[in-house]
Amino acid sequence: MLKSLVFATAIASLSGFAASAADFTLSSPDIRDGSTLGEAQVANAFGCTGGNVSPQLTWSNAPEGTKSFVVSAYDPDAPTGSGFWHWVMFNIPASVTGLERGVTPDKGAPDGAVQSRADAGFTSYIGACPPAGETHRYIFTVTALSVDKLDLDQNASGALIGFMTNANALAKAAITATYGR
């Protein structure tokens with residue numbers, strides 16, 4: 001009987017988490033789920049000539065208990081064996097509900113937020129630029145965390161930030177777009 005009660009309580013708890021996580025949303029006037037990225041969000045490097053501008057992002061309905069956010073842009077199709085982190089910003093305060101278009105290391109990041117070097121080697125957004133003849137997916141994600149901050153700095157890899165993010169995640173919301181050349 002006690003095992004049944006514990007199991008039922010656990011299921012009810014998970015159901016509540018799933019419902020609150022389902023309400024957490026990410027939107028953008030610059031990118032739409034299932035669409036092709038515009039030239040503004042394409043790299044101006046590696047043979048591409050886009051604007052290299054981070055998209056405006058807005059999130060809503062973060063779950064109760066959210067203490068900070070992580071925003072990332074990730075290409076799971078990059079020919080690296082481990083994908084490619086295009087942008088990672090963490091320690092975004094819980095009071096923040098979005099990022100303006102064109103965040104750079106010098107402007108636009110919320111106070112206390114950290115942009116990592118990600119995979120391009122510098123602390124800002126790098127746009128899409130798949131190899132010629134390929135189309136890749138670009139997943140923009142905001143994750144609500146149960147901790148005030150990740151004890152990492154701007155030199156942390158996307159993989160390490162991802163590990164710490166997933167260990168403290170309450171909910172995630174994402175937009176996936178594609179780009180090919």
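**Nonpolar cores**

In this predicted model, the largest nonpolar core comprises 35 residues. The members that touch the most other members are Phe-24, Leu-37, Trp-59, Val-71, Trp-87, Ile-92 and Val-142. Several strands contribute to this core: β2, β3 (68-75), β4 (84-93), β7 (135-145) and β8 (169-180) each supply at least two of its residues. The greatest contribution comes from β8, which gives 6 residues. A further core of 11 residues lies apart from the largest one, and its members include Val-70, Val-114, Leu-145 and Ala-156.

Trp-87, one of the core residues with the most such neighbours, has an extended list of contacts once the residues within four places in sequence are set aside. Its partners include Ser-54, Pro-55 and Leu-57, together with Val-71, Ser-72 and Ala-73. Further along the chain, Trp-87 is also in contact with Leu-99, Val-103, Gln-115, Ala-118, Ser-124 and Tyr-125.

**Overall architecture**

The protein chain contains 2 helices and 8 strands. Read from the N terminus, these elements follow the order α-β-β-β-β-β-β-β-α-β. Of the 181 residues in the chain, 42% count as buried. Among contacts between residues at least 6 apart in sequence, 73% join residues that are at least 24 apart.

**The three-stranded sheet**

An open sheet is formed by 3 strands in the order β1-β2-β5, with antiparallel pairing. Its edge strands are β1 (25-27) and β5 (98-99), each of which pairs on one side only. Strands of a sheet pair through backbone hydrogen bonds, in either a parallel or an antiparallel sense.

Strand β2 (residues 57-60) is joined to β5 by 2 bridges, while β1 and β2 pair over 3 bridges. On the β5 side, Leu-57 has Leu-99 as its bridge partner, and Thr-58 is matched with Gly-98. On the β1 side, Leu-26 has Trp-59 of β2 as its bridge partner.

The two faces of β2 can be told apart: Leu-57 and Trp-59 form the covered face, whereas Thr-58 and Ser-60 form the uncovered one. Trp-59 on the covered face is also among the residues that touch the most other members of the largest core, and Leu-57 on that face is in contact with Trp-87.

**Cavity and pockets**

Rolling a probe the size of a water molecule over the atoms shows where empty space is left. The table gives the volume and the lining classes of the spaces described below.

| Space | Volume | Nonpolar residues | Polar residues | Charged residues |
|---|---|---|---|---|
| Largest cavity | about 30 Å³ | 8 | 3 | none |
| Largest pocket | about 210 Å³ | 6 | 7 | 1 |
| Second largest pocket | about 170 Å³ | 9 | 4 | 1 |

The structure holds 1 cavity of 30 Å³ or more. Its lining is made up of Leu-37, Gln-41, Ala-73, Tyr-74, His-86, Tyr-125, Ile-126, Gly-127, Ala-128, Tyr-138 and Phe-140. The elements that give two or more residues to this lining are β3 and β7. Leu-37, which lines the cavity, is also one of the residues that touch the most other members of the largest core. Ala-73 and Tyr-125 likewise line the cavity, and both are in contact with Trp-87.

The largest pocket is lined by 14 residues, of which Ser-72, Trp-85, Gly-162, Asn-166 and Lys-172 are the closest to its centre. Two or more lining residues come from each of β3, β4, β7 and α2 (158-167). Helix α2 gives the most to this lining, with 5 residues. Ser-72, among the residues closest to the centre of this pocket, is another contact of Trp-87.

The second largest pocket is also lined by 14 residues, and those nearest its centre are Asp-75, Ala-78, Phe-84, His-86 and Cys-129. In this case β4 and β7 are the elements that give two or more residues to the lining. His-86 lies among the residues nearest the centre of this pocket and also belongs to the lining of the largest cavity.

Strand β7 recurs across these regions: it supplies at least two residues of the largest core and gives two or more to the linings of the largest cavity, the largest pocket and the second largest pocket.

Technical notes: Residues are numbered from 1 along each chain as its sequence is written. This is a predicted model: local features need pLDDT of at least 70, side-chain atom pairs count only at pLDDT 80 or more; totals for chains, interfaces and linings use all residues. Side-chain values use heavy atoms; hydrogens and water are left out. Two strands pair if DSSP finds at least two bridges between them. Helices (H or I, at least four residues) and strands (E, at least two) are DSSP runs, numbered from the N terminus. A nonpolar core is a set of buried Ala, Val, Leu, Ile, Met, Phe, Trp, Tyr and Cys residues joined through side-chain atoms within 4.5 Å. Buried means under 20% relative accessible area, exposed over 50%, partly exposed in between (1.4 Å probe, protein chains only). Contact means heavy atoms within 4.5 Å. On a 1 Å grid over the protein atoms alone, a cavity is a set of points where a 1.4 Å probe fits but cannot get out, and a pocket is an open set with protein on both sides within 12 Å along at least five of seven lines; lining residues have an atom within 4 Å of a point. Grid points are joined across faces, edges and corners, and a volume is the space filled by probe spheres set on the points. Ala, Val, Leu, Ile, Met, Phe, Trp, Tyr, Cys and Pro count as nonpolar, Asp, Glu, Lys and Arg as charged, and the others, Gly among them, as polar.
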